[in-house]
Each structure stands twice: as structure tokens, then as C-alpha cells.
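Here's a quick briefing to read alongside the model. Take a look at the fold first, then we'll go through the sheet and the aromatic residues.

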Amino acid sequence: MSTDTTASVSTHILDTSVGRPAEGVAITLAARAGSDADWVALGGSATDADGRCKDLPALPEGTTHVRLDFQTEAYFLSKQNKQAEAQQDAPANRDSGAPVAFFPEVAITFAVVPGEHYHVPLLLNPFGYSVYRGS
């Protein structure tokens, strides 16, 4: 929860290749106080059955930039057999030796201001992703 002196962050992931929430994606949160400051790892969590990550660590006072790191490769490896059946014509199934996920991790960096809440949804598939500031 944000306060007057801090911001807060939440996220969720939708696997657009199957039209379902992405469960079990590990996410780490880092923050820094200014563009020239070092990143400080604050901890992490994993998405629940609804694709949500509701228990990310609180941001320290003075945070100006946040980075969310999504470990997407492990998620797609765990789903590989199910997706192969569902997507018989997908390039990963046609091309021999193709990677399970083109983006093995997704790092999203964004600016924050105190007192604001930032919800950052990730729309994910094995070959691309999209993010936006949600509500």
C-alpha cells in the first residue's frame, strides 16, 4: 500500500497464447532512488492461479525507479507439452530447435512518485509481450 512518502506496486500476467492467467511465474522487485543510484533487490514472489502477484515487497522511501523481473522461460518450460497440443501450427512446433520462449525473462523498468499505486500487467506469449500501467 502506498503512503504519502512511498509508492506501491502490483502486477498480473495473462498468457495470451492460451487466453489464461499465467500461474507460477517468479517475479523479483528492485528499486533505486535516482537514475544514478544502484539497484537494490527488495525480494519477490510468484503469480497465483489468477496470474496475480499480490505480495510484492513494499518500496522504500525515496524510490524513484522500480524494476520488475519476470522469469518467463521457466513458466513456458513447465507449460511446453500443454501448449504443443493446443498450438499445433505454432512456430515452436514447426521449427526444429526453436526456443520454448524467445524472451527467457522480461525486465520492466518504470518511474514512480510517492503516494501513487502502480499496477503493471504483463500480456505474455512465447514470442512477445506487452505491458502497460493498469489501475
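How many helices and strands does the secondary structure of the protein chain come to? There are two helices and nine strands, and bear in mind that this is a predicted model. Along the sequence, they run in the pattern β-β-β-β-β-β-α-α-β-β-β.

**The chain overall**
- The protein chain has 135 residues, and 37% of them are buried.
- Take the contacts in the protein chain with a separation of 6 or more: 67% of them come from residues 24 or more positions apart.
- About 7,500 Å² of the protein chain is exposed, with carbon and sulfur atoms supplying 50% of that area.

**The four-stranded sheet**
- Four strands make an open sheet in the order β4-β3-β6-β7, and the pairing is antiparallel.
- At the edges you'll find β4 (40–46) and β7, each of which pairs on one side only.
- On average, neighbouring strands of this sheet are turned by 20° against each other, direction ignored.
- Zoom in on β3 (residues 26–32) and β4, and you'll see an antiparallel pairing over six bridges.
- If you want a spot to click on, try Leu29, whose bridge partner in β4 is Gly43.

**Aromatic pairs**
- The structure holds four aromatic pairs, and two of them, Tyr75–Phe76 and Phe103–Tyr129, are worth a closer look.
- For Tyr75 and Phe76, the ring centres are 5.0 Å apart and the planes sit at 65°, so this pair is edge-to-face.
- Tyr75 and Phe76 are both buried.
- Phe103 and Tyr129 have ring centres 5.1 Å apart and planes at 85°, so they are edge-to-face too.
- Phe103 lies in the loop between α2 (91–94) and β7 (106–111), while Tyr129 is in strand β9 (residues 128–131), so their pair ties together parts that are 26 residues apart in sequence.
- Are Phe103 and Tyr129 buried or exposed? Phe103 counts as partly exposed because its relative accessibility is 29%, and Tyr129 also counts as partly exposed, at 37%.
- Phe102 joins the picture here: together with Phe103 and Tyr129, Phe102 forms one aromatic cluster.

**A charge over a ring**
- Which ring does the charged end of Arg67 sit over? Look at Trp39: the charged end of Arg67 is 4.6 Å from the centre of that ring.

Conventions. Residues numbered from 1 in each chain as written. Predicted model: local features only at pLDDT ≥ 70, side-chain atom pairs only at ≥ 80, totals over all residues. Heavy atoms only, no water. Buried < 20%, exposed > 50% of the residue type's maximum accessible area, 1.4 Å probe, protein only. Contact = heavy atoms within 4.5 Å. Areas by Shrake-Rupley, 256 points an atom, 1.4 Å probe, with all protein chains shown as cover. Phe/Tyr/Trp six-rings, centres within 6.5 Å; stacked < 30°, edge-to-face > 60°. Lys NZ or Arg CZ within 6 Å of the ring centre and 35° of its normal. Pairing = 2+ DSSP bridges. Axes fitted to C-alpha atoms, helices over the stretch in contact; angles between N-to-C directions.
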